[in-house]
Amino acid sequence: MKHTPYGYDIVGGKAVINEDEASNVRKICENYLKGMSFVKAAASVGLNMRHRTVKQIVQNRRLLGDDFYPAILSENTATLIEKERIRRVKAMGRDKRIYKKNEAVKVKTDFTVPKVPVKYQNPIKQAEYAYSLIQSEVDR
C-alpha cells in the first residue's frame, strides 16, 4: 500500500481529510505567501521539517482533490504557491542551474601518487598519510 499523503486518513477504504493536518497545510501555504520560508511556515504550525519535505507536501496535486482524495487546497492557492516559489528561485539566482540529459560526463580516474613509504603502524593513519600524498588528477 502506498503512503497516505499528509492531510488525509484512509477510513473504510476511502480518503478523508484529517482536519488537523489539513489546517496545518493551509496555514503553511498562507504563511509562505506572506513571506515565510517553507521551513519557517512549517515551524509556525509546530512541524519540524526540511525545505524539501514541506515543498513536496504543498506541491502534492492530491491536495487539489481528485476521484479519491477530497480537496484541501484550491487550484488558485496552489498556483499562487508555485508562482511565489518560482519568483523566489529566480530572485536567489537558483534558476540558472542547467541540467543536461544524455550528456556524456568525463570522469577523471587517474591520479599521480609518489611511492608511499611506511610511516605509521596504524593502518588507518597510514591510509590517511597515503591519501595526503595524492598530487593531481591526470586527464586521458
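**Arg88.** I looked up the partners of Arg88 first: leaving aside neighbours within four places in sequence, Arg88 is in contact (heavy atoms within 4.5 Å) with Tyr32, Gly35, Met36 and Ser37. I should say that this is a predicted model, where local features need pLDDT of at least 70, side-chain atom pairs count only at pLDDT 80 or more, and totals for chains, interfaces and linings use all residues. Residues are numbered from 1 along each chain as its sequence is written, and side-chain values use heavy atoms, with hydrogens and water left out.

Arg88 sits in helix α4, residues 75–91; helices are DSSP runs of H or I with at least four residues, strands are runs of E with at least two, and both are numbered from the N terminus. Is Arg88 buried or exposed? Arg88 counts as buried because its relative accessibility is 14%, and buried means under 20% relative accessible area (1.4 Å probe, protein chains only).

**Helix α1.** I found Ala22, Asn24, Val25, Ile28, Cys29, Asn31 and Tyr32 buried in α1. Their cover includes β2 (14–17), α2, α3 and α4. Just after α1, I noted a positive phi of about 120° at Gly35.

**The core.** Next I checked the largest nonpolar core (buried Ala, Val, Leu, Ile, Met, Phe, Trp, Tyr and Cys residues joined through side-chain atoms within 4.5 Å), and it has 24 residues. Val25, Ile28, Leu47, Ile72 and Leu73 have the most contacts inside this core. Helices α1 (19–33), α2 (38–43), α3 (51–58) and α4 each supply at least two of its residues. The most come from α1, with 5 residues.

Methods. Buried means under 20% relative accessible area, exposed over 50%, partly exposed in between (1.4 Å probe, protein chains only).
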